[in-house]
Each structure stands twice: as structure tokens, then as C-alpha cells.
Protein chains: 2
Amino acid sequence: MTEPRWLNADERRAWLALLSINTLLPAALDNQLHTAGKVSLFDYNVMAMLSESEGRFLPMSELAARTSSSLSRLSHVVAKLEKRGWLERRPHPRDARVTTAHLSDVGMATLEALAPGHVEAVRTKFLDALTEREVNDLARIGEKIVARLDNDHWILRDTERRP
Amino acid sequence: MTEPRWLNADERRAWLALLSINTLLPAALDNQLHTAGKVSLFDYNVMAMLSESEGRFLPMSELAARTSSSLSRLSHVVAKLEKRGWLERRPHPRDARVTTAHLSDVGMATLEALAPGHVEAVRTKFLDALTEREVNDLARIGEKIVARLDNDHWILRDTERRP
DNA sequence: GTGCGTCACTTGAACTCTCAACCACGCTCT
DNA sequence: AGAGCGTGGTTGAGAGTTCAAGTGACGCAC
């Protein structure tokens, strides 16, 4: 067994920063969303992903991919949002294994009401700290990390590659 | 009320990447730690922070600061780790309000057994995706974001400023 | 057309986290 | 000395998350 390569100063800084962001940023945004409406960041994201899709619906597995979540977690959350009347689950007409989640009109209205406050928070808690160049760097670096973690992740789809 | 400023392409890329990293990276590392020993990333971090401190102990509030966690969350986790014999809580000799968490020898040994696999995972899941320059950029950008979220965050302490 | 493996989900139990309430101590002011 | 306030920490309940197991459906092999 060989001695592991410990982190050097920059690697440690990068790792600690990411670790901290990781707990602080969701907490800050969760907080804003929770006081604005009783919604978590994850709830918001689920609805946002649906709202951006053709017909405002997606199969559960696709929705799970777009929220980077497990099917199990998504299933529980969709059940909750369905109870609030913001979503509806329907069986897929062609493939009976598939369930599709549909954003209801009420859900869409809720999302639209929450959206301005949310993007504002994303700006003040995060983007406003950075220059345009840094935002671009972060996007590039972030996507490289995502690619490492999940090479087929949806955010990497059609970023300048396509038949 | 004015129209909110929605995100432009780069802002959106940066935000989505960070959001994805945020769920994928902890999951990946949690996974590694959980199969290596029954430990979460947060558990590991708590013990790592103690191991790096003078005397291997810290007051609960300082430990909470160094793990970016709430006192409440920390309290629950420390109770759990204490039950496993890896930590010990003692009253502070001078200030009876303060509890200090001490890393036990068994805890230290556990940590040392886990460390190589963990740093290896940090490398393969994250750092190896980046060039030296990108690691440096990420450290810089990450610290700016942390500063925006919590201006007194401990990782910003004594980074080239001091009497 | 009958198995048999895989896929798409769902469920319940165990665990974790958050939130609000609480307690005990120390500090300051009078 | 005692009142009142802020600090440091714990606790219990409720919400959320994970994990392992289970349920149908599809689809391919023979």
C-alpha cells in the first residue's frame, strides 16, 4: 500500500470552499423559498423543470434525471406536491410502467409567483459575488465536474454537440 | 414592481452546474464513506475538524462553524458519534455553558483508517477533472461565494490577513 | 406463448435534519 | 444582590431522505 496523495493548498481551498457552499447556499435559498411560500429548493426545482418542458409534463425518471435525484426521493416529493394540487400523476398511454408528472395550472401559478423572488435570491446570494468572467469560468469548471460525476448528465446534453 | 432580471445563458449554466454538483458530489462521497465504514460525509468532516485542532477538541459552537452546520444538527450527530465511542463530550472548565467535543483515540484511529480512501475519492470524483489552474480558479471563486454567504466564515480566516 | 430478466416506479421503515421551545449559565446594570 | 438579556447547547416532534424490498409491465429468447 502506497502513501495516499494528500491535498495541496489550492486543492484543499477548493474542496473546503465547495463543501461550505454546498451547505450554505441551499440553506440560504431554501430559507427564502420557505418564507415566501412553503416550498423547498428541491420542490421548486421539480416544478421549474416541469414548467420548462413541452406540455409541462415529464416521465418520473426524466424528472429525476433533471433534478439529479433518486426516483425514490422524487416519488415522495411528487406525492406531497400532488396533495397540494400543484402536480398530477398520470399513467403513460403507451408504456404502462411509466408515470408522468404534470404541472397543474395552480402549480404553474404558484411557481410564477415564487420565481422573481427566487432568481433575485440566486443573484444576491451567489451570482452577484462574481464578475461576468468568473461566472463563465464557474460554468465551465462546474460542467467539467458534473461530467466527471455523471457523464450522461442532462445539463451536458446539446451543449454544442448534435448530429 | 419591475420585471425581474432572469438569468442569462452563462449564469444559468453556472447555477445549474452548481445545483447538480451539490447533490451529486456529496452523494458520491457519502457513498464511498458509507461502504468503507458506516460514516456520512458530515460525520467524517466533524471528526476531521477535531483531528486538526490543537488537543483534538473544540467547543461545540466552533465545531459547528467549521462544519457550516447548525448547533442543533451538530448536537444530534455528536450524540450519535459519542455512542459509537469516537467522540466524548466534556464540560468546559472555565465556562459552564460550553461543551467541548473531544476526538477519542478510537475515533482518531477510525478517521485515519478512512482518510486515504476518502481523499482518493475526493480526487477521482472531483479534483482529477480539473487542471491546476482550474483548481486555483475554483478556490478563488468558491471563496468569493462563501464570503457572500457568510462574511465571517472560518475558511476565510487568516488567508493573508493578520496583525 | 411462456419464461425470465430488466425497467419504472412505489412503499414503509429507519435514519437524519430542521425548527421551535427550553434550560442553564454569564454579563451588565443598577 | 437581583433583574434582564444574550450566549451555548440540548431536546422532541415533525418533515424529509435513504435504503431495501416489492409490484407490475415490457421485451427478448427460445
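Trainee: How many residues of chain A are in contact with chain B?
Mentor: This is a predicted model, so keep that in mind throughout. In it, 62 residues of chain A are in contact with 62 residues of chain B.

Trainee: And how much area do chain A and chain B bury between them?
Mentor: About 6,100 Å². Of that, 67% is on carbon and sulfur atoms.

Trainee: Which residues in chain A lose the most area to chain B?
Mentor: A:W15, A:R123 and A:L149. Together they make up 11% of what that side buries.

Trainee: What about charges? How many salt bridges are there between chain A and chain B?
Mentor: Ten. Take B:E134 and A:K144 as a pair to look at. Their closest N and O atoms are 2.9 Å apart.

Trainee: How many residue pairs are in polar contact across that interface?
Mentor: The rule finds 19 pairs, with both residues at pLDDT 80 or more.

Trainee: Which elements of chain A give two or more residues to the side that touches chain B?
Mentor: Four helices of chain A are listed: helix 1 (9-36), helix 2 (41-51), helix 5 (105-125) and helix 6 (132-149). Helix 1 has the largest share, with 19 residues.

Trainee: How do the residues on that side of chain A divide by class?
Mentor: There are 34 nonpolar, eleven polar and 17 charged residues.

Trainee: New topic. What turn lays chain A on chain B?
Mentor: A turn of 180°, with a shift of 0.0 Å along the axis. The RMSD is 0.1 Å. The two copies are therefore related as by a two-fold rotation axis.

Trainee: Which residue of chain A comes closest to the rotation axis?
Mentor: A:N22. Its C-alpha is at 2.9 Å. The same surface serves both copies, too: 100% of the contact residues of chain A recur in chain B.

Trainee: Let's move to the DNA. Which residues come nearest to DNA strand C?
Mentor: Of the 19 residues around DNA strand C, the nearest are A:S61, A:H76, A:T99, B:S72 and B:R73.

Trainee: What part of DNA strand C do the atoms within 4 Å of the protein belong to?
Mentor: For 67% of them, sugar or phosphate. The rest belong to bases.

Trainee: Where can I see single contacts with DNA strand C?
Mentor: Try the side chain of A:R89: an N or O atom there is 3.0 Å from a phosphate oxygen of DNA strand C. For bases, look at B:S72, with a side-chain N or O atom 2.6 Å from a base nitrogen of that strand. A:S72 also has a polar side-chain atom 3.1 Å from a base oxygen of DNA strand C.

Trainee: Which helix gives the most to the surface near DNA strand C?
Mentor: Helix 4 of chain B, with five residues. By class, that surface has five nonpolar, seven polar and seven charged residues.

Trainee: And DNA strand D? Which residues are closest?
Mentor: A:S72, A:R73, B:S61, B:H76 and B:R89, out of 19 residues that surround the strand. Sugar and phosphate account for 66% of the atoms of DNA strand D that come within 4 Å of the protein.

Trainee: Which helix gives the most there, near DNA strand D?
Mentor: Helix 4 of chain A, with five residues.

Trainee: What contacts should I look at on DNA strand D?
Mentor: Find A:A96, where a backbone N or O atom lies 2.9 Å from a phosphate oxygen of DNA strand D. Then find B:R97, which has a side-chain N or O atom 3.2 Å from a base nitrogen of that strand.

Definitions and conventions. Residues are numbered from 1 along each chain as its sequence is written. Chains are lettered from A and ligands numbered from 1 in the order in which they are written. This is a predicted model: local features need pLDDT of at least 70, side-chain atom pairs count only at pLDDT 80 or more; totals for chains, interfaces and linings use all residues. Side-chain values use heavy atoms; hydrogens and water are left out. Contact means heavy atoms within 4.5 Å. Buried area is the accessible area (1.4 Å probe) that two parts lose on being put together, summed over both. A salt bridge is a side-chain nitrogen of Lys or Arg within 4 Å of a carboxyl oxygen of Asp or Glu. A polar contact is a pair of N or O atoms within 3.5 Å; within protein, one must be able to donate a hydrogen and the other to accept it, and residues adjacent in sequence count only if both atoms are side-chain atoms. Ala, Val, Leu, Ile, Met, Phe, Trp, Tyr, Cys and Pro count as nonpolar, Asp, Glu, Lys and Arg as charged, and the others, Gly among them, as polar. A residue is near a molecule or strand if one of its heavy atoms lies within 4 Å of it. Copies are superposed by least squares on the C-alpha atoms of residues with pLDDT of at least 70 in both.
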